[in-house]
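Good morning, colleagues. Thank you for making time for this presentation. Please look at the display before I begin.

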Amino acid sequence: MSDCIFCRIVAGTIPSIRICEDAHALAFMDIRPIQPGHALVIPKQHVVNVIDMEPADYDGVMRMAQRVGRAIGAEWRPPKVGMAVIGFDVAHAHVHVLPLLTMSDLTSARLLDGSLKAGAMDELKRNGEQLRARLA
Ligand SMILES: [Zn+2]
């Protein structure tokens with residue numbers, strides 16, 4: 001038996017409120033919703049990081065996240081539907097999909113406390129060069 005809580009949710013050995021499922025992905029309600037309607041979409045295959053998912057699982061998870069997000073938008077009519085990949089809490093890749101009523105529902109603590117400043121242009125250019133080199 002896996003000790004990964006999300007693998008156990010996929011297996012059905014611990015309860016969850018499932019809302020959508022296919023061969024690659026499972027969507028269920030977040031047990032600690034930031035707003036009503038807050039759901040999680042996970043790959044059925046265990047992987048820690050979203051960026052490490054197999055392409056078919058990634059496509060399946062992101063497609064399901066879009067479908068769930070559209071359902072959230074239709075049901076609650078929030079100003080925004082947000083998606084986020086954070087993952088410090090559970091070591092099984094997951095996408096949060098939720099209604100956003102305010103920016104503070106899902107954003108950087110540094111942005112909210114005013115300490116996040118615009119990056120220096122030379123650093124932004126250097127960081128862009130680093131990523132372009134990795135993507136080449
Ligand atoms: Zn897992």
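I shall go through the sheet, then the helices, and then one loop residue.

Please bear in mind throughout that this is a predicted model.

Let me begin with the sheet. It is open and has five strands, in the order β1-β2-β3-β5-β4, and the pairing is antiparallel. Which strands stand at the edges? They are β1, residues 18–21, and β4, residues 80–84; each has a single partner strand, so one side of each has no neighbour in the sheet. On average, neighbouring strands are turned by 20° against each other, with direction ignored.

I now take the pairings in turn, starting with β1. Three bridges join β1 to β2, in the antiparallel sense. The two strands form a hairpin, and three residues lie between them. Within this pair, C20 stands opposite A27 of β2.

On its way across the sheet, β2 also pairs with β3, again in the antiparallel sense, here over five bridges. M29 has A39 in β3 as its bridge partner. Is β2 enclosed or open? Four of its five residues are buried, so β2 is largely enclosed by the rest of the structure. As a general point on such elements, side chains in a regular strand alternate between the two faces of the sheet.

At the other edge, β4 runs antiparallel to β5, residues 95–100, and five bridges join the two. Here A84 has H96 in β5 as its bridge partner.

I turn to the helices. Helix α2, residues 55–76, lies across β1, β2, β3, β4 and β5. Relative to β5, helix α2 runs at about 15°.

Helix α4, residues 121–135, comprises 15 residues. From its first C-alpha to its last, α4 reaches 21 Å, close to the 21 Å expected at 1.5 Å a residue. How many of the 15 residues of α4 are buried? The number is zero, so α4 lies largely in the open. In contrast, β2 is largely enclosed, as noted earlier.

Finally, the loop residue. S104 is found in the loop between β5 and α3, the latter being residues 109–112. Why is S104 classed as exposed? There are 11 other C-beta atoms within 10 Å of S104, and the class of exposed residues takes in those with 12 or fewer, so S104 belongs to it. S104 and V81 are 23 residues apart along the chain, and their C-alpha atoms are separated by 13 Å.

That concludes my presentation; thank you for your attention.

Technical notes. Residues numbered from 1 in each chain as written. Predicted model: local features only at pLDDT ≥ 70, side-chain atom pairs only at ≥ 80, totals over all residues. Pairing = 2+ DSSP bridges. Axes fitted to C-alpha atoms, helices over the stretch in contact; angles between N-to-C directions. Contact = placed C-beta atoms within 7 Å. Buried ≥ 20, exposed ≤ 12 C-beta atoms within 10 Å, placed from the backbone. Expected span 1.5 Å × (residues − 1).
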